[in-house]
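Reader: I would like to learn how charged side chains and protein–DNA contacts are read from a model. Could you take me through them one feature at a time?

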There are 2 protein chains.
Amino acid sequence: MDLPSPDTRTRILDAAAALLRRHGPDKLTVLDVAKRLGMSHGNVYRHFPSKQALRAAVAEEWLSDVTAPLALIAAGEAAPPSRLREWLAALAVIKRRKVLEDPEMFAGFHRVASESPEVIAAHVAHLVDQIAAILAAGKADGTLPGVAAPQDDARAVLVATARFHHPDLVRDGGNAATAEAELSRITTLLLRGLGATAVA
Amino acid sequence: MDLPSPDTRTRILDAAAALLRRHGPDKLTVLDVAKRLGMSHGNVYRHFPSKQALRAAVAEEWLSDVTAPLALIAAGEAAPPSRLREWLAALAVIKRRKVLEDPEMFAGFHRVASESPEVIAAHVAHLVDQIAAILAAGKADGTLPGVAAPQDDARAVLVATARFHHPDLVRDGGNAATAEAELSRITTLLLRGLGATAVA
DNA sequence: GCGATGACATAAAACAGATATTGTCATTTC
DNA sequence: GAAATGACAATATCTGTTTTATGTCATCGC
C-alpha cells in the first residue's frame, strides 16, 4: 500500500490539509504543497498518483474525526435504545458544530470529500456498521425486538436522520433548539418503530 | 394582488417558463422573454418587480405540479396508515420521475426555486399540511393512536423521508428498486412509531 | 537503485476588454 | 391615464489571451 516512504507521505498529507484549511479547496495546488515542503512538485506524484488522490486522502482523515467519537458511543454500555438516541444526537451535534465553527472550511472539506465517492461510501458504511451494532445488541437483549435485519434497519435509521448529518442539509440548518427537538421526535418514532417500549 | 392586467402577466409567466425549459436557468433573460412576446423588456417590469420575482413565480407554478396529485391522495378515502404510505410513495415517484425525465430541467427549476426561500417554505408547508391531515384522521379513527401533535409529527415524517424527495438528495438516487425498498422500510418504522398496528 | 529533480506538453484557471443584461424613468400611445 | 416604450447608468456575463497548474519522464545524486 505505502511502498514509498510513509514519512514523507504523511508530511505531504499534513501540508495539504494545512493549505486546505488556510486557503480553501480552490487554492490547494500540488505546486504549493511541494513549495511548502521545499520539494519539487514532481516528487509529490511519487507518493500520490494524482491531485485527486491527495485530496481524497485529506478528506478521509477529516472524516475520521467525525466517526471516532461516535465509535466510543456505539461500543458503549448504555441500553441499546438510549445508546442509539445518544449516538444520533452526537452525530448531529458534531456535524452542526463543524458547520458553525467555520462554514467555509466545512464547505471546503465537503467539496473535497464529495469528489471522492468511494471515500464517502466508506464513511457511510462505517456509520451504518456502528448503528447496526447497536441494533443487533438491542435485538439480542430484547430492548429492540422490532429489529429485523440490523444492516438494513441501520441504513434506514441513518437515511431517516439525513437532515441532521447530511452535509447539504446541515448547512441550512436553522435554529439549533428546533433542530434538536425535531431529531428527538424522529428518533422516538424510529425507536418505537423498532419495537422499543417506554421511550423517553 | 394582480393590479396589472392578469392576462399579460400570465403570458409573461408562460413565456418565461418556456424559455427556462428550452434554454435552462442561465439563459433566461427578461430581454428574451420580452422579445418572445414582442414587447419591450421595460414592460415586463410593470408586471414583475424583478427578474427574481419572475423566476420565483415560474418556480411556484412548477412546484404546484408536484403537490396537486398528492392532494388527491391526502384527501382520499383509504385508511390513514395506508394512505400515508401511498402518499409518501407517490411523492418519491413524482420527484424521481422528474429527475430522470430531464435532469437538466429539474436542476434548472430547482435552482430557480432555491433562490426563492419563501416559495420553498410555502411548498414545504403545503406538504406538511397534507401529511398532518392524514395523521389527524388516523388519530381520530384510532388507526394511528401514537400521533401526538399532527403538525409536528407531519414535519417529522417529511424530514425523515427527505432522502426521497429533497432535490439535493433525489439527484444521486441510485437504483430505483433499492430506493423504493428503503422508503418502504422507513415508512414502516414511522407508521409503527405512530402507533399503527398490522403494518403491511 | 531509490528518492528526488526540473524541463516539458497539455489542461485548467485568471485576467481584462468588449458585449449583453438588469432595472429606472421620462416620454409616448391609444 | 393605464399600458407600453426606449434611452440610460450600473452591473453582470462572455470571449479571447496570458498565465498557472497538472501530470510525465528522462536524468541526477546519494
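Author: Let us start with the salt bridges, keeping in mind that this is a predicted model. Asp152(A), Asp153(A) and Arg185(B) are linked in a network of salt bridges.

Reader: What is the general idea behind such pairs, and how many salt bridges are there over all chains?

Author: In general, side chains of opposite charge can pair when their charged atoms come close. Over all chains the count comes to 12 salt bridges, and in one of them the side chains of Asp153(A) and Arg185(B) meet with 2.8 Å from N to O. Asp153(A) belongs to helix 8 (residues 150–160) of chain A, while Arg185(B) belongs to helix 10 (residues 176–193) of chain B, so this pair joins two chains.

Reader: Is Asp153(A) buried or exposed, and what can be said of Arg185(B)?

Author: A residue is called buried when its relative accessible area is under 20%. Asp153(A), at 3% relative accessibility, therefore counts as buried, whereas Arg185(B), with a relative accessible area of 27%, is partly exposed.

Reader: Which parts of chain B are tied together by the pair of Arg111(B) and Asp26(B)?

Author: The side chains of Arg111(B) and Asp26(B) meet in a salt bridge of 3.0 Å, N to O. Arg111(B) sits in helix 6 (residues 103–114) of chain B and Asp26(B) in the loop between helix 1 (6–23) and helix 2 of that chain, so the pair ties together parts that are 85 residues apart in sequence. As for accessibility, Arg111(B) is partly exposed, with a relative accessible area of 36%, and Asp26(B) is exposed, with 59%.

Another salt bridge is that of Glu115(B) with Arg55(B), whose closest N and O atoms are 3.1 Å apart. Glu115(B) lies in the loop between helix 6 and helix 7 (117–141) of chain B, and Arg55(B) in helix 4 (residues 51–74) of chain B, so here the parts tied together are 60 residues apart in sequence. Glu115(B) is partly exposed at 31% relative accessibility, but Arg55(B) is buried, with a relative accessible area of 7%.

Reader: Turning to the DNA, which residues are the closest to DNA strand C?

Author: A sensible way to read such a surface is to begin with the residues around the strand and then ask which atoms they meet. DNA strand C is surrounded by 17 residues, the closest being Ser40(A), Leu31(B), His41(B), Tyr45(B) and Lys51(B). Of the atoms of DNA strand C that come within 4 Å of the protein, sugar and phosphate account for 61%. The residues of this surface divide into five nonpolar, 10 polar and two charged.

Reader: What do the side chains of His41(B), His47(A) and Asn43(A) approach on the strand?

Author: An N or O atom in the side chain of His41(B) is 2.9 Å from a base oxygen of DNA strand C. For His47(A), a side-chain N or O atom is 3.1 Å from a phosphate oxygen, and for Asn43(A), a polar side-chain atom lies 3.4 Å from a sugar or linking oxygen. The elements that give two or more residues to the surface near DNA strand C are helix 3 (41–47) of chain A and, in chain B, helix 2 (30–37) and helix 3 (41–47). Helix 3 of chain A provides the largest share, five residues.

Reader: What does UniProt list for residues 29–48 of chain A?

Author: An unreviewed UniProt entry lists them as "DNA-binding region". Over residues 29–48 the chain is 75% helix and 0% strand, with the end C-alpha atoms 13 Å apart.

Notes. Residues are numbered from 1 along each chain as its sequence is written. Chains are lettered from A and ligands numbered from 1 in the order in which they are written. This is a predicted model: local features need pLDDT of at least 70, side-chain atom pairs count only at pLDDT 80 or more; totals for chains, interfaces and linings use all residues. Side-chain values use heavy atoms; hydrogens and water are left out. UniProt positions are given in the numbering used here, feature names are shortened, and annotations may be inferred rather than shown by experiment. Helices (H or I, at least four residues) and strands (E, at least two) are DSSP runs, numbered from the N terminus. A residue is near a molecule or strand if one of its heavy atoms lies within 4 Å of it. A polar contact is a pair of N or O atoms within 3.5 Å; within protein, one must be able to donate a hydrogen and the other to accept it, and residues adjacent in sequence count only if both atoms are side-chain atoms. Ala, Val, Leu, Ile, Met, Phe, Trp, Tyr, Cys and Pro count as nonpolar, Asp, Glu, Lys and Arg as charged, and the others, Gly among them, as polar. A salt bridge is a side-chain nitrogen of Lys or Arg within 4 Å of a carboxyl oxygen of Asp or Glu. Buried means under 20% relative accessible area, exposed over 50%, partly exposed in between (1.4 Å probe, protein chains only).
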